[in-house]
Amino acid sequence: EKGGYDYFMLKEIAEQPKAVADTLLGRVDASGSLTLDEVRIPPNVLREADKVVIVACGTAFHAGLIAKYAIEHWTRIPCEVELASEFRYRDPILDPQTLVIAISQSGETMDTLMALRHAREQGSRVLAICNTNGSTIPRESDAVLYTHAGPEVAVASTKAFLTQLVACYLVALYLGQVRGTKWGDEIRDVVRELSKIAGEVERVLETMGPVRELARGLAHKNTVLFLGRHVGYPVALEGALKLKELAYMHAEGFAAGELKHGPIALIEEDLPVVVVVPSPRGRSVLHDKIVSNIQEIRARGARTIVIAEEGDEAVVPYADHLVRVPATPTLLQPLVATVPLQVFACELATARGNEVDQPRNLAKSVTVE
Ligand code: F6R
């Protein structure tokens with residue numbers, strides 16, 4: 001069943017290009033326009049929505065954090081993202097103009113289900129992004145956009161996460177298309193870039209040898225930090241979560257700009273710090289800022305593991321280890337930048353003798369609050 005791989009997780013990491021391509025299938029056309037017939041929420045409701053609220057847990061929450069950047073940029077609708085377990089109990093402000101998006105691989109996560117029930121009671125429309133046909137969350141939602149990752153067996157989510165990202169981008173771009181924002185041309189360009197992204201994920205997978213070797217060399221460490229900015233920040237959180245659950249190591253993700261407000265005190269000699277670097281094209285201010293963050297932590301002894309776009313030469317002098325990912329539009333970078341972090345965590349878990357597919361204390365689907 002593992003198709004020649006030692007673990008389901010490795011198989012599922014390898015299946016990501018197909019999962020991404022399958023999730024786009026039939027939803028984008030060559031001209032750069034989107035058809036999301038499944039989203040049976042009438043276009044006028046989508047046009048009139050004045051707020052988007054995303055609820056999810058764990059890895060799906062990280063997909064939601066990334067979706068916020070995309071939704072606010074392409075649609076100019078304010079978007080909040082909240083852990084489902086917090087959302088339900090703080091009396092959130094919801095009304096029929098609020099579009100709620102519930103993201104869940106299993107479709108059975110109790111916290112997310114309770115959050116969406118609460119939202120529907122307040123009259124909000126709920127769109128589910130889900131990987132499991134006919135599961136409870138899509139059944140109780142107004143509409144569903146299925147991710148086509150196929151069954152995910154390993155407890156740690158990998159291919160489901162990448163397809164959640166694709167679904168989130170599709171929703172963001174679709175909302176932009178329906179509402180006709182000033183980003184029309186950019187939206188069409190990004191849709192075309194999305195169609196190429198499965199091939200880029202494949203290219204990343206082909207170059208993971210050095211990442212595995214690096215992970216094996218860090219198996220004795222106690223702590224790994226992850227830094228990112230913009231959409232790289234949720235990627236850093238996801239990298240840290242994968243490492244906690246698989247390698248049972250202390251791992252934390254930070255927004256790189258927060259370093260000087262506290263976390264930089266953690267930096268000590270030879271501490272591994274993974275930095276997700278945004279593209280030097282596009283939002284180049286961000287890029288310059290993160291390069292100086294890398295300099296700062298390296299000057300304090302950190303062992304820098306830098307994930308940067310091909311052709312980004314500015315990071316080279318400060319990277320103890322450099323992991324290249326293909327150039328993508330800024331907002332799409334998480335689709336390629338997350339992959340090395342998955343491989344890194346999986347290899348560290350293996351090197352530490354942990355049960356990769358079934359980490360201690362965890363269940364694949366959390367059906368209790
Ligand atoms: C982490 C992981 C969990 C799930 C979370 C939500 O690798 O798998 O954090 O993402 O429990 O699960 P779903 O998406 O099924 O609602």
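This is a short talk on a protein model and the ligand it holds.

Okay, hi everyone. One thing up front: this is a predicted model, so keep that in mind throughout.

Let's start with the overall fold. We've got 13 helices and ten strands. The radius of gyration comes out at 20 Å, and the globule rule gives 21 Å for 369 residues, so the protein is as compact as a globular protein of that length. If you want a box for the C-alpha atoms, think roughly 55 × 45 × 40 Å along the principal axes.

Now, the ligand. Where does it sit? The space it takes is the largest pocket. Around the ligand there are 13 residues, and the closest are Ser104, Gln105, Ser106, Thr109 and Glu245. By character, that shell splits into seven polar, four nonpolar and two charged residues.

Which helices feed into the shell? Both α4, residues 58-75, and α11, residues 232-247, give at least two residues each. The largest share belongs to α4, with three residues.

On to the polar contacts, which I guess is what you folks came for. Glu245 puts a polar side-chain atom 2.5 Å from a ligand oxygen. Ser104 also uses its side chain, with a polar atom 2.6 Å from an oxygen of the ligand. Ser157 does it through the backbone: a polar atom there is 2.9 Å from a ligand oxygen.

And how much of the ligand does the protein bury? Taken alone, the ligand exposes 410 Å², and 88% of that gets buried by the protein.

So, to recap: the ligand takes up the largest pocket, with side-chain contacts from Ser104 and Glu245, plus a backbone one from Ser157. That's me done, thanks!

Methods. Residues numbered from 1 in each chain as written. Predicted model: local features only at pLDDT ≥ 70, side-chain atom pairs only at ≥ 80, totals over all residues. Heavy atoms only, no water. Near = heavy atom within 4 Å. Polar contact = N/O pair within 3.5 Å; in protein donor to acceptor, adjacent residues only side chain to side chain. Areas by Shrake-Rupley, 256 points an atom, 1.4 Å probe, with all protein chains shown as cover. 1 Å grid on protein atoms, 1.4 Å probe; cavity = no way out; pocket = protein on both sides within 12 Å on 5 of 7 lines; lining within 4 Å. Sits in = over half its atoms within 2 Å of the grid points. Helix = DSSP H or I, 4+ residues; strand = E, 2+ residues; numbered from the N terminus. Nonpolar A, V, L, I, M, F, W, Y, C, P; charged D, E, K, R; others polar. Rg over C-alpha atoms; globule rule 2.2 N^0.38 Å.
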